[in-house]
Amino acid sequence: MEPAVLDSLDPLIDALRERGYTVVGPVTRDGVIRFAELGSAADLPLGLVDEQAPGGYRLHERGELVFGFAASPDSVKRYTHPPRSALFRMRDGVPEKAPVEAPKVALLGVRACDLAALAVQDRVFLGGRYPDEAYRERRKALFLIAVNCAVPGGTCFCASMGTGPRATSGFDLALTELTGPHRFMAEAGSERGEELMAALPSHPADDTDRAAAREVSTNTADRMGRRVDLDGVKERLVERRESPVWNEIASRCLTCANCTMVCPTCFCVTVEDGTDLTDGTAERAERWDSCFTLDFSELGGAPVRSSGAARYRQWLTHKFSTWVDQFGTFGCVGCGRCITWCPAGIDLTEELERLR
């Protein structure tokens with residue numbers, strides 16, 4: 001299906017609701033762009049741009065775009081691999097499998113890096129001998145509307161990871177926001193996307209629209225302030241296992257796990273048991289955990305990785321080395337969230353250079 005131009009996003013939101021989807025997109029909350037349910041296109045953060053730096057995030061009102069910001073702390077992971085989910089319950093001594101919560105959600109404003117992260121998570125949860133059926137159901141329930149980035153974040157490096165700034169696959173619909181006049185060029189990436197596009201008021205994209213969309217992605221890639229040299233990084237991190245750089249990083253790292261909480265590919269979990277005292281029902285639930293927590297690697301009553309240096313080394317080496325051994329791809333997509341939301345301002349692009 002050929003690209004088309006939409007003059008407004010309200011018909012898109014209405015059409016998704018008519019198909020039974022809860023439409024979720026970027027909104028402003030407590031000075032941050034977050035994903036939340038949309039009432040209309042008026043809820044989108046028109047004119048807001050973000051300023052991202054190591055350990056820093058600020059919003060400013062000086063733009064003209066609806067999607068004039070980079071990656072927010074939220075990603076698709078929250079909807080496919082939620083922070084907490086019930087595994088099973090015990091009622092009167094009888095086990096009950098917890099129902100999978102997989103609501104129909106249309107995510108508007110997904111970035112290319114997050115689509116790449118979703119492909120990584122698909123390998124983790126759906127590859128191998130034991131696919132995660134709950135993940136599969138949540139994944140199938142999502143309708144993904146990508147937005148090609150027009151403004152690179154201060155901590156982004158997706159261009160050097162080959163994951164952005166333009167979405168090339170993994171979406172149902174992809175939008176490129178254009179100005180002069182303000183409009184959105186839409187491209188379908190699935191049969192569901194084609195069916196939706198055919199129902200929207202639009203007109204065919206002409207050569208001017210296509211050229212403007214290409215220029216948006218080219219300019220964004222050219223203005224990206226960070227990059228990672230992937231040449232030999234997998235082998236180099238293994239060779240630098242005893243480097244003194246790890247201890248120096250640990251002197252700054254708080255092991256707070258912020259980086260893993262906002263990372264769109266991290267998947268570490270733990271299980272916790274609880275009892276409802278009102279009816280005696282017991283429940284086992286899965287919740288997000290992190291390789292930065294001290295007890296995550298506990299074996300025989302003691303943690304395998306007791307130092308902050310060992311835990312940071314595990315995280316960075318996994319992302320850029322051993323993840324490749326496990327899943328055939330890097331565990332990082334260059335979204336820059338771990339840099340922005342690190343309270344100590346640790347920049348993994350700089351640390352990788354120091355470990356050369």
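**Cysteines and a cavity**

The sulfur of Cys338 has its closest cysteine sulfur in Cys332, 6.3 Å away, which is too far for a bond. This is a predicted model, where local features need pLDDT of at least 70, side-chain atom pairs count only at pLDDT 80 or more, and totals for chains, interfaces and linings use all residues. Side-chain values use heavy atoms, with hydrogens and water left out, and residues are numbered from 1 along each chain as its sequence is written.

**Exercise 1.** Work out why Cys259 forms no bond with the closest cysteine sulfur, and say whether Cys259 is buried or exposed.

*Solution.* Start with the cut-off: a disulfide is a pair of cysteine sulfur atoms within 2.5 Å. Next, take the distance: the closest cysteine sulfur to that of Cys259 is in Cys256, and at 6.5 Å it's too far for a bond. Across the structure, the disulfide count is zero. Now accessibility: Cys259, at 13% relative accessible area, is buried (under 20%; exposed is over 50%, partly exposed in between; 1.4 Å probe, protein chains only). Cys338 is buried too, at 14%.

**Exercise 2.** Find which residues lie nearest the centre of the largest cavity, and sort its lining by class.

*Solution.* First, the volume: the largest cavity has about 140 Å³. Then the lining: of its 18 residues, Cys259, Tyr312, Cys338, Cys342 and Ile346 lie nearest the centre. Lining residues have an atom within 4 Å of a point on a 1 Å grid over the protein atoms alone, and a cavity is a set of such points where a 1.4 Å probe fits but cannot get out. Finally, the classes: 14 nonpolar, two polar and two charged residues.

Terms used:
1 Å grid on protein atoms, 1.4 Å probe; cavity = no way out; pocket = protein on both sides within 12 Å on 5 of 7 lines; lining within 4 Å. Points joined across faces, edges and corners; volume = space filled by probe spheres on them. Nonpolar A, V, L, I, M, F, W, Y, C, P; charged D, E, K, R; others polar.
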